[in-house]
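I opened the notebook today to look up how one sheet is put together and where one residue of an edge strand sits.

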Amino acid sequence: MKTTKLLLVIAVITAFASCAKNKTPEPDTPTTTIYAGGAYGGDGMANYKACTWVDGVRSDLPVPASVAESVCHSIAYDSGKLYAGGWYGSHTEYTACTWTDGVRSDLTVPASATYSDCNSVAFASGKLYAGGYYKEGTKEIACTWTDGVHSDLTVPASATYSRCTSIAFDSGKLYAGGHYYDGTKYIACIWVDGVRSDLPIPASATYSDCNSVAFDSGKLYAGGFYREGETYIACIWTDEVRSDLDVPSSATYLECFTVAFASGKLYAGGYYRDGTNIRSCIWVDGVRSDLPAPASAGNMYCNSVAFVSGKLYAVGFYMEGDLEVSCIWVDGVCSDLDTSTSAGSNFCNSVVVVEQ
């Protein structure tokens, strides 16, 4: 009898082991990491420190010990490395730089330049690209950097001011967006491998700017605004064809600050003034949705968007009295990004979401 029971137990264990071997393994659940860049510790006017957040945990971006202030404008992620771009110094003398996993590199400019700023970074094909500007004499000059080496972006000879605000790299080409001043008005433009094209605006417009560019599926998208009279009008350009973005009819100040293309849709983020307050919003293929904030919030700003695996992420900040509070919206739900007691006045400029 004991032998029979033992054989039965062995048979059951063998059968179970056989089933376990043949069982289809469960697929790994992808993990999502949210990277963000901005600054914290300010008093609402100055004394900010450049930083990044990884899933809400803040890390300072190093600058020389004597530096009073620094800001991170843009981040990018590739192959396990986090890239950031911004500046350090003071409001009158500052130096453009990038950080690779927290290690700072100053960006080259002519020796006669008095200040410089990096507004945007992108990593592709083993190279780190950056876009921004520097000041030389009385002129601000738009430029890009490839692995730290700068190239001026072309503008008319009469231009006294130009800035690159955003870059994107795709299919071997470097795309940049920004604006220049021709002596009478600011003109939104794009550059493709350094060749400039002005973005179309109504003849009556007196000011325009391109804040963001994205390239996907053979099309170049740009987001920004133009001014007619006293009204600022948010818009996007698709291959240089302009479309105004939906806002309430009572709005007087509107700006598209960021664009991203994913899963066949164009996502944009920005803000508009409706009455006394500035409200943040997103547009999906031109259809607007306002972004919520705490009831005590004043003005709100959306600075960057990303769409990953069916979720829409947006970052920016809202005002609480005189202080900025960085925040993130995931599918429209608002959460403070930095809840530490040392955050001070803090804002978020850029977001990248990585799923692995």
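Before counting bridges I noted the criterion, which is that two strands pair if DSSP finds at least two bridges between them. I also noted that I am working from a predicted model, so every entry below refers to computed values.

Entry, the sheet. I looked up the strand order and found an open sheet of four strands, E4-E5-E6-E7, with antiparallel pairing. Strand E4 (69–78) and strand E7 (103–106) stand at the edges, and because each has a single partner strand, one side of each is left without a neighbour in the sheet. From one strand to the next, the twist averages 25°.

Entry, the pairing of E4. I then asked how many bridges join E4 to strand E5. There are nine, with E5 covering residues 81–89 and the two strands running antiparallel. As one example that I looked up by residue, Ser74 has Gly85 in E5 as its bridge partner.

Entry, Arg104. I turned next to Arg104, whose place is in strand E7, and asked whether Arg104 is buried or exposed. Arg104 is partly exposed, at a relative accessible area of 29%, which lies between the cut-offs of under 20% for buried and over 50% for exposed.

Leaving out residues up to four places away in sequence, I listed what Arg104 touches: Pro62, Val63, Pro64, Tyr88, Cys97, Thr98 and Trp99. Within its own strand range, I recorded a polar contact between the side chain of Arg104 and the side chain of Asp106, at 3.0 Å. Lastly, I noted that the C-alpha atoms of Arg104 and Tyr83 are separated by 9.9 Å, the two residues being 21 residues apart along the chain.

Technical notes:
Residues numbered from 1 in each chain as written. Predicted model: local features only at pLDDT ≥ 70, side-chain atom pairs only at ≥ 80, totals over all residues. Heavy atoms only, no water. Axes fitted to C-alpha atoms, helices over the stretch in contact; angles between N-to-C directions. Buried < 20%, exposed > 50% of the residue type's maximum accessible area, 1.4 Å probe, protein only. Contact = heavy atoms within 4.5 Å. Polar contact = N/O pair within 3.5 Å; in protein donor to acceptor, adjacent residues only side chain to side chain.
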